[in-house]
Amino acid sequence: MTSLADLPIRDDLRGQTPYGAPQKRVPIALNVNENTHPIPEDVAQDIVERIAQAILTINRYPDREFTELRDSLAGYLGHGLTRDNVWAANGSNEVLQQILQAFGGPGRSLLAFPPTYSMHSILATSTGTRWLEGERDAEFEIFPATAVRAITEQRPDIVFFCSPNNPTGTPVSLETIAAAYDATDGIVVVDEAYAEFAPTGEPTALTLLPGRPRLIVSRTMSKAFAFAGARLGYLAADPAIADAMRLVRLPYHLSALTQAAANAALAHADEMLAMVDDIKAQRDRIVRELTALGYHAYTSWSNFVLFGGVDDPNAVFETLLAEGILIRDLAIDGHLRVSAGTEAETTAFLAAMARIKA
Ligand SMILES: *Cc1c(COP(=O)(O)O)cnc(C)c1O
């Protein structure tokens, strides 16, 4: 039998491991920050109708420029953005990959601030982009001076921020992002996959876009929109950035079915986002109750909570799993991460945690 090691694979892929969040069938899955609320029935109906319409012309390639979808996404984002500022792909992971295809690659480097989203380094590797690491301040924050120091010392071609950061939930301040932008002549990317879960009214990096043509804000419909299975991520940036994406995307990369589904969902944005407040309330409850149990739960602007003070993370993970509750062990010493679920799911998780502590 042939194994991977026997193949003439690229040297820089040798020994790498693929992204591997476990996909287990459990009653309560709180491990990959999905929105655990199903989408509203009437929205589902509308999506099915739009997909059914799209099927009738599926013999033709889809709109390569996904113009209607870029209009819908720009309308959803607001901030004076138009279709020219917007680009989309099959999940924001593909958006990030396209950014690295255009601006990274062999001979180029990407600076990020671990612990952060594991896909960022995997995408660096798969595109041949050198991975560089900056340090964080206390409570996983990144102060402006800390970011600027990492950039001036390491001179990366691309800087990635994740705000709010996965897996810590920590926001990155706009001051830090602006200072980082001024400290580099490279590309600055802010992965805002969880932006909708930030405190209401908090400005996002979208407000920094005017006058900053090297800044890219990436978003996804996977989390707040409860659309993870549909695969739709997008970015907002200067129109020139979208032109760069056109050089590396595969032709017709967004299927007609994906475009139809996303357009229908965006037409119901208010309804689709109705669960967000509920999820934020469950997240805050997790922070409160885990703190009361004696854990160190970090402030989170996302739909998950990182908590420390766990003597044996693997034992807690396994005890929860035996009760049908799947959370995430990210191999951060003494820490675990849990997604905020529905009220019932969150109650089950917190009750199990209280039993473990007892
Ligand atoms: C979940 C997540 C994404 C979403 O990826 P999709 O490909 O859009 O599903 C992107 N960035 C971060 C930090 C995430 O946690």
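Student: Which residues lie nearest the centre of the largest pocket, and how many residues line it?

Tutor: The largest pocket has 40 lining residues, and Tyr19, Ala21, Val32, Tyr117 and Arg328 lie nearest its centre. On a 1 Å grid over the protein atoms alone, a pocket is an open set of points where a 1.4 Å probe fits, with protein on both sides within 12 Å along at least five of seven lines; lining residues have an atom within 4 Å of a point. The model is predicted: local features need pLDDT of at least 70 and side-chain atom pairs count only at pLDDT 80 or more, while totals for chains, interfaces and linings use all residues. Residues are numbered from 1 along each chain as its sequence is written, and side-chain values use heavy atoms, with hydrogens and water left out.

Student: Which elements give two or more residues to that lining?

Tutor: They are α3 (92-103), α4 (118-126) and β4 (130-133). Helices (H or I, at least four residues) and strands (E, at least two) are DSSP runs, numbered from the N terminus.

Student: And which domains does the lining draw on?

Tutor: Domain 1 (21-37 + 274-357) and domain 2 (41-267) each supply at least three residues. The domain bounds come from an automatic or database domain assignment.

Student: Changing topic, which residues come nearest the ligand?

Tutor: Ser92, Tyr194, Thr220, Ser222 and Lys223 come nearest, out of 13 residues around the ligand. A residue counts as near if one of its heavy atoms lies within 4 Å of the molecule.

Student: Which side chain has an N or O atom 2.8 Å from an oxygen atom of the ligand?

Tutor: That is Asn166. For Arg231, a side-chain N or O atom is 2.7 Å from a ligand oxygen atom, and for Asp191 the partner is a nitrogen atom of the ligand, at 2.7 Å.

Student: How much of the ligand's accessible area does the protein cover?

Tutor: The protein covers 94% of the 390 Å² that the ligand has on its own. These areas come from the Shrake-Rupley method with a 1.4 Å probe.

Student: What about the backbone: where are the cis peptide bonds from Pro114 and Ser163?

Tutor: One runs from Pro114 to Pro115, with omega near -5°, and Pro115 is in the loop between β3 (109-112) and α4. Another joins Ser163 and Pro164, with omega about -5°; Pro164 is in the loop between β5 (158-162) and α6 (174-183).

Student: What is the phi of Phe66?

Tutor: Phe66 has a positive phi of about 35°, although it is not a glycine. Most residues other than glycine have a negative phi.

Methods. A polar contact is a pair of N or O atoms within 3.5 Å; within protein, one must be able to donate a hydrogen and the other to accept it, and residues adjacent in sequence count only if both atoms are side-chain atoms.
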